[in-house]
Amino acid sequence: MNIETLGIWLGAFFTLCILSFLYKDNPFYKLAEHVFVGISAGYGVALEFQNVFLPNLWNPLTKEGKLIMLVPFVLGVLLFTRFVAKISWLSRWSIGLLIGIYSGIAIIGFGSGDLVAQIHGNLLPLWGGNDLLTLFNNWILTVGLVTCLIYFFFSKEHKGSFGILARVGIYFLMLSFGASFGYTVMSRMSLLIGRFYFLYGDWLHILPQ
Amino acid sequence: MKRLLETINSLDRRYIFLFIGLAVSLPLFFPIGIKFTVTHPVQGFYNTIEKVPNGSKILMSCDYDPGSAPELYPMTISALEQMFKKDLKVVITCLWPAGPPLVEKALAHVTPQYHKQPGIDYVNLGFKEGREVVMVSMGASIPNTFPTDYQGKPVSQIPIMQGVTNFKDVAMIVNISAGYPGTKEWVQQVQSRYQIDLVAGCTAVSAPEFYPYYQTGQLKGLLGGMKGAAEYEKLVGFKGLGTRGMDAQSISHLTVFLFILIGNLAYFALRFWKGKASR
Amino acid sequence: MKVDDYLVRRGLRKFKRIRAWAFAAVIWLWQSLSVLAQESPLPQSGSTSDFRWFDTHRWNVFLALVIIFFLIIYFIEKAKQGKNLFVRRIAGLDAIEEAVGRATEMGKPILYVPGIDDMNNIQTVASMIILGNVARMVAQYDTPLIVPLRMPFVLPVAEEAVKQGYMAAGRPDAFQKDNIRFISDEQFAYAAGVNGIMLRERPAANLLLGSFFAESLVLAETGFSTGAIQVAGTANIHQLPFFVVACDYTLIGEELFAASAYLSKEPKLLGALKGSDYAKAIILLALIIGAILMSFNIDWFKNWFFVE
Amino acid sequence: MRKEVPLIITFLAGTFFIADYFIPHSGFSKMAESVNGWTIIVIAFSYILGVANVARVNLDQIQKGSKDKFYKIILLVCLFFMSIAGIVWGIQGGSVFDWFFLNVYYPMQSTMFALLAFYIASAAFRAFRIRSIQAALLAITAVLVMIGRVPVGEAIWKDFSIFSEWIMNVPQLAGKRAILIGAALGAISTGLKVIAGLERTHLGQD
């Protein structure tokens with residue numbers, strides 16, 4: 001048995017271990033689960049070392065003599081003060097920096113990419129000029145977005161005509177969830193197809209070519 | 001009849017598991033080959049790459065892991081096929097840790113038939129931690145963000161990376177994404193900042209969420225799930241893993257539809273009966 | 001007041017004052033420099049250096065952010081001053097009340113699943129606020145409130161929330177620590193554990209409120225098969241379809257936060273909710289104005305929203 | 001020092017990166033570039049911190065003699081082995097590290113996600129009940145999209161694919177866009193509260 005075949009058998013064994021959870025929780029599943037957590041954590045450590053620490057920190061610091069890189073190094077080490085109760089507050093400095101950067105970047109990303117750009121995309125003509133289907137679609141998009149936003153408006157009771165609009169909004173949301181449901185089914189089935197390909201094809205070689 | 005309905009209504013889920021397992025397996029053994037057409041978002045994906053002048057450089061970010069490989073790996077293969085056929089040069093990055101080995105696998109699969117050289121026609125820059133910060137950082141400088149390729153070779157020694165400083169030096173971005181960080185962040189942080197053409201292939205779970213981006217043109221094309229991969233394979237001109245999975249996909253969807261139908265019929269019929277009995 | 005605490009507060013107050021000044025100074029500097037920059041020649045296109053201080057193409061995003069910032073800070077301050085900010089009662093809260101009521105009538109336990117994320121997820125925080133209120137409702141009756149947990153950090157917070165709820169109802173004696181249970185930090189092992197509780201202890205009401213992922217459908221399905229009344233809520237959009245079909249009532253996205261703001265009346269929650277409500281009102285207005293203008297072939301309004 | 005410094009750091013970092021978007025000045029961008037470079041490293045450290053935590057929790061349980069001791073030992077062995085393999089022998093294609101990735105990590109992770117196919121089918125059968133107009137709308141759209149998006153739909157009705165694509169592009173898009181805008185407002189207000197120091201849960205309690 002060469003190393004490649006051995007790999008496929010090992011993969012098949014663990015695949016079956018995890019599928020056995022469908023019957024019920026059992027020692028094989030538990031074994032596979034723990035092996036997986038261990039391997040994936042170890043995978044991450046090695047990858048961070050080879051793909052981040054060496055090229056982005058170690059080489060600039062030692063080979064190019066960029067002493068400024070000591071700053072992120074110290075900030076990184078500070079994170080580990082969490083394990084020492086007395087000085088654990090120091091880790092907040094690094095966390096503060098990370099959270100600040102992510103918040104700043106997120107504000108810009110959501111503000112420009114989602115908020116303003118999406119409003120721009122929904123300013124559509126409701127009459128004149130276009131063919132009927134486009135106008136019909138524009139009406140649906142405009143009414144749909146407006147009523148959905150009304151549904152998520154919390155400063156006014158959903159009563160009277162405002163309530164009716166909110167009701168229309170929830171119907172649009174339900175349509176939207178339905179589409180998501182359909183697509184989720186598609187996604188999950190694809191993953192299973194992929195696994196069966198592996199079991200029947202790569203492992204057992206019983207699939208027609 | 002009533003007993004049958006009650007059995008259906010309280011069926012052990014393991015029987016259902018068995019049934020769906022069969023519904024997915026059988027079409028793999030007995031393929032039918034149902035035909036299908038190509039939808040607009042997929043055509044957009046293909047056309048945007050096709051429009052790029054030969055010899056240009058393209059940035060491809062493979063942000064996924066084995067958890068969604070059956071959907072996204074076929075897309076990676078087809079995209080590489082299309083780009084290599086057109087003699088485009090591909091710079092590949094990963095923002096998901098488990099991405100780079102999958103990229104290596106895809107490259108090993110595609111490159112031999114097109115006689116492409118590593119470092120000259122393509123490069124796998126590997127993984128960087130930092131999610132959207134990496135994107136913003138690449139906007140300032142790609143070589144500073146990725147000082148070496150996946151194997152640790154400095155980018156200054158890689159021919160394809162000469163003259164690549166930031167997004168201005170690539171013709172467009174192809175993103176294959178399974179979630180966060182992925183398509184949404186590429187739109188928010190890169191497309192809306194640098195106005196660069198962006199196409200995305202993503203899992204079916206997240207595809208509906210990206211239709212608004214497709215409608216506004218923030219995405220020029222969109223492949224959703226294995227069906228998207230299959231349509232794209234049709235355009236590129238070969239039958240890969242996506243196309244081969246379509247029969248099983250069709251049958252499994254029909255099965256789920258039947259499940260919803262039968263489940264509801266049993267439920268409501270039983271309620272109707274019980275209502276009658278108590279009256 | 002502890003000395004340490006006092007110093008921190010004083011420091012914060014000072015910091016806030018400095019921050020306000022710094023903010024004003026930065027904006028003033030920015031404006032004056034952008035005026036200067038417009039007078040100085042623009043750099044050649046293609047060159048990498050750029051000496052402008054404000055990207056004039058990005059006015060739209062700038063203005064949008066300034067308006068939102070202003071609204072949120074304004075309403076948070078207003079809420080802090082104790083002004084009464086109206087937020088409508090979320091229908092989901094009635095559904096929760098009804099479910100709890102039904103379970104107590106039947107004398108069966110209530111299961112409260114606060115999602116599987118840690119305390120740094122704002123949905124978990126919102127869920128804890130709702131949990132406190134559920135505890136207060138349950139306290140008068142001797143029905144157990146079971147809270148299974150996945151994150152060790154959430155455990156003390158959940159305990160505190162339930163204990164406070166029982167105290168507020170005047171029944172601190174009824175609080176049972178064993179019912180706040182750590183199950184497992186592995187996603188599916190956790191789901192299997194909660195399924196076990198549903199099947200063995202047969203709660204009459206399942207409240208699934210917080211940040212859920214792929215386990216959502218497993219939980220909702222099992223809960224449905226045991227015949228419990230289920231109320232769910234999450235802002236993780238992918239999971240909402242499963243909740244909608246398998247639960248009696250579902251709080252959708254922001255409703256979860258609105259419910260927690262309504263219950264807690266905490267200024268920063270209430271203020272942010274009000275602030276984004278007003279932002280939504282402005283967006284609605286913009287959508288309608290834009291549609292009308294576009295229908296008359298006037299497109300400057302739309303073009304202003306173009307992001308570049 | 002304990003609370004103010006992190007709050008000030010958060011405030012400065014946040015405003016700096018907001019300003020970076022509006023200020024094209026190249027000196028400013030240069031500064032942002034180096035801070036970005038640092039962040040990548042600090043986050044890598046935070047990943048290692050997470051792994052250290054996993055190791056610590058499991059070591060604790062082994063010492064306490066938990067009933068799952070055997071599994072915890074395996075977990076730690078795998079963790080240790082995989083890290084060493086990648087650090088010592090490298091991560092390139094064909095290495096030990098790569099072999100374990102392709103033959104252990106890959107099949108297990110994809111099978112974990114494939115389990116969901118079974119669960120979604122069972123949920124469709126046992127819990128998908130059309131009890132209201134809302135659920136009915138959801139169900140009808142789900143079925144139309146589910147069948148319309150696969151080849152069998154086109155076999156049933158040749159324009160099924162076009163129709164389901166219309167659903168995706170128009171009615172469902174309206175709902176998704178509303179959620180997108182709502183989420184954007186939420187993210188902006190949370191970000192603002194964090195930067196302004198009003199939201200401090202991330203700094204922990206003391």
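**Chains and helices in a predicted model**

Colleague: Which two domains does the domain assignment give for chain B?

Modeller: Keep in mind that this model is predicted. One of the domains of chain B joins two stretches, 2-30 and 248-278, and is called domain 1. The assignment for chain B is completed by residues 40-242, so named domain 2; together the answer is domain 1 (2-30 + 248-278) and domain 2 (40-242).

Colleague: What distance separates the centres of domain 1 and domain 2 of chain B?

Modeller: The centres are taken over C-alpha atoms. Between domain 1 of chain B and domain 2 of chain B, that gives 41 Å.

Colleague: Which element gives the largest share of the side of chain D that touches chain A?

Modeller: In this pairing, 99 residues of chain D are in contact with 93 residues of chain A. Elements giving two or more residues to chain D's side include helix H2 (26-63), helix H4 (96-126) and helix H8 (171-195). With 21 residues, the largest share comes from H4(D).

Colleague: How many residues on that side of chain D are nonpolar, polar and charged?

Modeller: Let's stay with the side of chain D that touches chain A. Its charged residues number four and its polar ones 19. The nonpolar residues there number 76, so the division is 76 nonpolar, 19 polar and four charged.

Colleague: Why is H9(C) oblique to H10(C)?

Modeller: The axes of helix H9 (residues 254-264) and helix H10 (residues 267-295) of chain C come within 8 Å. Angles of 65 to 115 degrees count as roughly perpendicular and those over 145 as roughly antiparallel. H9(C) is oblique to H10(C) because their axes cross at roughly 130°.

Terms used:
Residues numbered from 1 in each chain as written. Chains lettered and ligands numbered in written order. Predicted model: local features only at pLDDT ≥ 70, side-chain atom pairs only at ≥ 80, totals over all residues. Contact = placed C-beta atoms within 7 Å. Helix = DSSP H or I, 4+ residues; strand = E, 2+ residues; numbered from the N terminus. Axes fitted to C-alpha atoms, helices over the stretch in contact; angles between N-to-C directions. Parallel < 35°, antiparallel > 145°, perpendicular 65-115°, else oblique.
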